[in-house]
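I set out to record what the structure shows, entry by entry. The ligand surroundings come before the sheet, the helix packing and the overall dimensions.

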Amino acid sequence: MSIVTVQLGQCGNQIGREVFNAICSDVHGTHGLCSKKENESYHDACKERFFIEAESGVPVARAVLVDMEPKVISQTLSIAAKSGYWKYDDHSHFCQKQGSGNNWANGYTVHGPRHKEVIMNLVQKEAEKCDRLGGFFTIMSMAGGTGSGLGAFVTQCLRDAFPSSFILNHVIWPYGTGESSDALLVHENDVIHKICAQLMHMKQISFRDVNQIIAHQLGSVFQPTYTAEGLHYSRNPLGDLMEALVPHPEFKMLGLRNIPQMPENSLAYSTFSWPGLIKHLRQMLIANAKMEEGIDWQVQPPRPGSSIPSSHSTNKLLHFNTSIANLVILRGKDTHSADLGSFRDPSLYTSWLNPQDAFSAWKTPRAFNKYEKSASLVSNSQFLLKPLDNVVQKAWNMFASKAYVHQYTKYGIEEEDFLDSFTALEQVISSYTVL
Ligand SMILES: Nc1nc2c(ncn2[C@@H]2O[C@H](COP(=O)(O)OP(=O)(O)OP(=O)(O)O)[C@@H](O)[C@H]2O)c(=O)[nH]1
Ligand SMILES: [Mg+2]
């Protein structure tokens with residue numbers, strides 16, 4: 001099945017391009033340290049997911065590019081074309097002359113309805129090019145006007161036009177709950193910045209660097225894998241992802257971690273073992289560490305039989321990150337020997353779900369992007385509680401002091417809409433809090 005990517009606003013377009021780039025260099029840059037046959041079926045599965053075979057021989061990304069100003073789109077198109085490995089369709093983009101001025105309401109209530117028809121026509125055309133459409137992957141930031149506002153609007157339109165397709169939102173920084181999408185995959189710029197500085201040893205960090213890390217992480221999830229039952233590469237990556245991680249529509253915030261992550265020139269001198277990688281990844285999960293450095297090893301799961309709910313327990317437990325569901329993806333050598341039993345530990349999970357259903361693993365012997373072994377974790381857990389709570393507090397305060405509210409009301413967003421959003425967010429916060 002194929003995935004249509006919808007890139008919205010500056011951030012969405014810049015990240016989207018890096019994602020296609022990462023996928024392409026994974027496929028072309030290495031043989032994946034596996035058999036030729038394995039590598040070929042990996043290629044085929046990847047192509048079907050993300051690219052259209054073109055007559056020119058250069059694969060064309062299954063994507064629609066949208067921004068309210070032309071600059072980023074034209075850069076994105078031309079950088080992709082210059083790569084020589086892949087490109088965007090010349091007609092699958094839409095832009096206007098002026099951005100949404102960092103105003104969500106402008107994107108949502110003005111640009112959205114005004115340009116709905118053109119944008120949805122582009123999406124429709126892209127969807128029709130798929131033999132089998134698996135769903136949509138929308139990429140946007142939560143801070144600008146186009147990505148966030150128009151992005152929310154377009155997501156709703158996608159939901160209406162394709163009621164049975166999966167929609168995964170990728171967002172930079174949380175600001176909304178994405179009512180129309182099936183799940184939100186969240187990356188925080190701060191966190192990725194730290195990875196660039198501390199793990200990749202970069203000095204002057206640009207958006208490009210940040211985006212490449214994000215793209216690598218996304219690629220590590222969406223490149224082909226076998227699911228537990230699978231004899232062939234999974235055909236429905238978005239559907240499989242939702243099935244593994246979103247058991248209930250009230251819980252759909254997903255976080256992504258990936259190890260190892262290091263500069264390419266250090267890779268040659270490093271060896272990794274599955275038990276080591278899995279141990280670290282598990283501790284990153286329970287201690288809510290976003291990267292492999294500075295993990296707090298003190299944090300441990302509540303003891304079985306302890307009747308104290310995690311929200312009332314002692315200090316150490318307070319930092320314990322409870323999960324709803326986890327998906328671990330292993331790529332590379334000897335994945336069959338990797339023991340993932342520690343992720344099936346019931347004390348990692350909320351009690352209302354059977355731990356057997358709460359954990360899934362995908363694997364492939366094909367190495368990813370020059371890493372002989374790599375492990376990724378997509379988790380539906382309490383990881384975003386704190387940032388989300390901060391955002392809502394801040395938004396409440398600003399709303400109470402009427403700061404900027406007129407910037408929204410002038411585009412038809414009422415005070416009541418604010419209150420509704422606060423209520424919705426607080427509901428999400430409280431649901432995740434009581435896990
Ligand atoms: N990670 C990452 N974040 C970005 C990038 N570009 C912008 N951002 C972040 O996105 C937010 C701004 O959103 P933009 O995407 O620039 O806004 P837009 O969607 O184009 O909306 P308007 O310009 O208001 O029409 C800020 O928080 C930036 O830090 C990028 O390439 N990568
Ligand atoms: Mg912009």
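**Entry 1. Shell around ligand 1.** I asked which helices each supply at least two residues of the shell around ligand 1. I found three elements listed: α1, α5 (146-161) and α7 (207-222). The model I consulted is a predicted one. I noted that α1 gives the largest share of the shell, five residues. Counting the surroundings, I recorded 22 residues about ligand 1, with Gly 9, Gly 99, Gly 144, Gly 145 and Gly 147 as the closest. By character, I entered the shell as seven nonpolar residues, 14 polar and one charged.

**Entry 2. Helix α1 and its contact with α3.** I then looked up how α1, which covers residues 9-29, packs against α3, residues 70-83. The axes of α1 and α3 lie 9 Å apart and make an angle of about 10°. Because angles under 35 degrees count as roughly parallel, I entered α1 as roughly parallel to α3. On the α1 side I listed Gln 10, Asn 13, Gln 14, Arg 17, Phe 20 and Asn 21. These meet Val 72, Ile 73, Thr 76, Ile 79, Ala 80 and Ser 83 of α3. I recorded this contact between α1 and α3 as five nonpolar residues, six polar and one charged.

**Entry 3. The sheet.** In what order do the ten strands of the open sheet lie? I read the order as β5-β4-β1-β6-β7-β8-β9-β12-β10-β11, and the pairing is mixed. The edge strands are β5 (93-95) and β11 (359-364), each of which pairs on one side only. With direction ignored, I noted an average turn of 20° between neighbouring strands of this sheet.

At the β5 edge, I checked the pairing with β4 (residues 63-67): the two strands run parallel and are joined by three bridges. I noted one bridge by residue, in which Val 66 has Phe 94 of β5 as its partner.

I next examined helix α8 (residues 237-245), which packs on the sheet. The strands that α8 touches include β1 (2-8), β6 (133-141), β7 (166-172) and β8 (183-187). The direction of α8 makes about 80° with that of β7.

**Entry 4. The whole chain.** I closed with the protein chain overall, for which I entered 15 helices and twelve strands. Its radius of gyration is 21 Å, close to the 22 Å that the globule rule gives for 435 residues, so I recorded the chain as being as compact as a globular protein of that length. The C-alpha trace spans about 60 × 55 × 45 Å along its principal axes.

Methods:
Residues numbered from 1 in each chain as written. Chains lettered and ligands numbered in written order. Predicted model: local features only at pLDDT ≥ 70, side-chain atom pairs only at ≥ 80, totals over all residues. Axes fitted to C-alpha atoms, helices over the stretch in contact; angles between N-to-C directions. Helix = DSSP H or I, 4+ residues; strand = E, 2+ residues; numbered from the N terminus. Parallel < 35°, antiparallel > 145°, perpendicular 65-115°, else oblique. Contact = placed C-beta atoms within 7 Å. Nonpolar A, V, L, I, M, F, W, Y, C, P; charged D, E, K, R; others polar. Near = placed C-beta within 6 Å. Pairing = 2+ DSSP bridges. Rg over C-alpha atoms; globule rule 2.2 N^0.38 Å.
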